[in-house]
2 protein chains.
Amino acid sequence: MSKYDPKLDQCFSALGDPTRRLILQRLARGEASVSELAEPHDMALPSFMEHLKKLEAAGLVTSKKQGRTRTCELAPDAFAPAKDWLSEQSETWEGRLDRFDDYVKNLMQERQK
Amino acid sequence: MSKYDPKLDQCFSALGDPTRRLILQRLARGEASVSELAEPHDMALPSFMEHLKKLEAAGLVTSKKQGRTRTCELAPDAFAPAKDWLSEQSETWEGRLDRFDDYVKNLMQERQK
DNA sequence: GCGTTACTTAGGTATATGTCTAAGTATGAC
DNA sequence: GTCATACTTAGACATATACCTAAGTAACGC
C-alpha cells in the first residue's frame, strides 16, 4: 500500500505545468543543453531555469555541467513512481468488491430515463 | 504526438497534493460522502471542499447531491489521460535512436573510474 | 587578454494556492 | 415548526509559484 510520499508531490506538481511537460517531451528524444531546451520557450532564461530546477528536484531530470554548458537528460525511470502510483489506484478501483453493485445501480438509473 | 492539453495541467496539479492523493486512494475503494472523505483530514471543511473542487475540475472525481448529502466517486477512467501521457514519454525515451550510443558512452565512463 | 557565450544569482512583482473563521442555506428528524 | 446535520458561500491571509530585469561569473575562441 502506498503511504504518503513527498517525492510524489514534487513529481506530480512538476508535471502539472505545460512548460515543464514540453521540456520532458523534448528530453525524451535525447539529452540537450539548457539553451537548446530554452530556445522554443518565449521566456527569460532565469525563469526557464526555475522550471529545470523543479524537474531536477522532482527527480525527473538530471544534469551535469561541462565547461560552461549544462547538459540535461531524462532521469532513468523518471516516470516510474508516478506511473506506479496511478496504476495502483486503477487496480484498486478495478478490483473493488462492490463493482457489480455499481454496475447494476447505473443500469437501473439508465432505465428510469 | 501529444500536443499541449490544459486538462493535463489540472490533472497533474491535482495529483501533486498529498491530501488530494489520499482522497483519490480512498475513492478508489468506493464512493463516499463529503463528510466521510473529510473525516480523516485535520482541516476545516471549506478548505477540504476546495480540494474536492479541484479534483472535480480536473475530471478525476464526479459527485452528485442527494438531499443534503453529496456523494463523490472516482471518475471512470480517471487516470487514463495522465497514464497515457507518461507512457507516451517512456516509449519515446525507450525508443530513442541514440540509445545505444548512450549505452556505450556510459560503459566507457564506468571503465575510467 | 578581451569580447562573447552560457549560464547564475539577486531581487522584485503579480497571481494562485492552501488554509482559516464566520455566517449562510437546504434537508431530515422529531 | 424547530433543531441538528451536511454542506456552501464569503472574505481574509500567508506562502508559493511563475514570471521579470539587472548584474554577476566562468569558460571559450581569437
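These legends go with close-up views of a predicted model, looking at DNA strand C and at a pair of helices in chain B.

**View 1. The protein surroundings of DNA strand C.** Here 21 residues surround the strand, and the closest are A:S35, A:M49, B:S47, B:H51 and B:K54. On the DNA side, sugar and phosphate make up 69% of the strand C atoms that come within 4 Å of the protein. Sorted by class, the protein surface here has eight charged, seven nonpolar and six polar residues.

**View 2. Which elements supply the surface near DNA strand C.** Chain A brings in α3 (34-38), α4 (45-57) and β3 (69-74), while chain B brings in α4 (45-57), and each of these supplies at least two residues. The largest share goes to α4(B), with five residues.

**View 3. Polar side chains reaching DNA strand C.** B:R20 puts a polar side-chain atom 3.2 Å from a phosphate oxygen of the strand. For B:R68, a polar side-chain atom sits 3.2 Å from a sugar or linking oxygen. From chain A, A:K65 has a polar side-chain atom 3.3 Å from a sugar or linking oxygen.

**View 4. Helix α2 (residues 18-27) of chain B crossing α4(B).** The two axes come within 10 Å and cross at roughly 70 degrees, so α2(B) is roughly perpendicular to α4(B). The crossing is right-handed.

**View 5. The contact of α2(B) with α4(B), up close.** On the α2(B) side you'll find B:T19, B:R20, B:I23 and B:L24, which meet B:F48, B:H51, B:L52, B:K54 and B:L55 of α4(B). This contact has five nonpolar, two polar and two charged residues. Some familiar names turn up again: B:H51 and B:K54 are also among the closest residues to DNA strand C.

Key:
Residues numbered from 1 in each chain as written. Chains lettered and ligands numbered in written order. Predicted model: local features only at pLDDT ≥ 70, side-chain atom pairs only at ≥ 80, totals over all residues. Heavy atoms only, no water. Near = heavy atom within 4 Å. Polar contact = N/O pair within 3.5 Å; in protein donor to acceptor, adjacent residues only side chain to side chain. Helix = DSSP H or I, 4+ residues; strand = E, 2+ residues; numbered from the N terminus. Nonpolar A, V, L, I, M, F, W, Y, C, P; charged D, E, K, R; others polar. Axes fitted to C-alpha atoms, helices over the stretch in contact; angles between N-to-C directions. Parallel < 35°, antiparallel > 145°, perpendicular 65-115°, else oblique. Left-handed = near helix turned anticlockwise from the far one by under 90°. Contact = heavy atoms within 4.5 Å.
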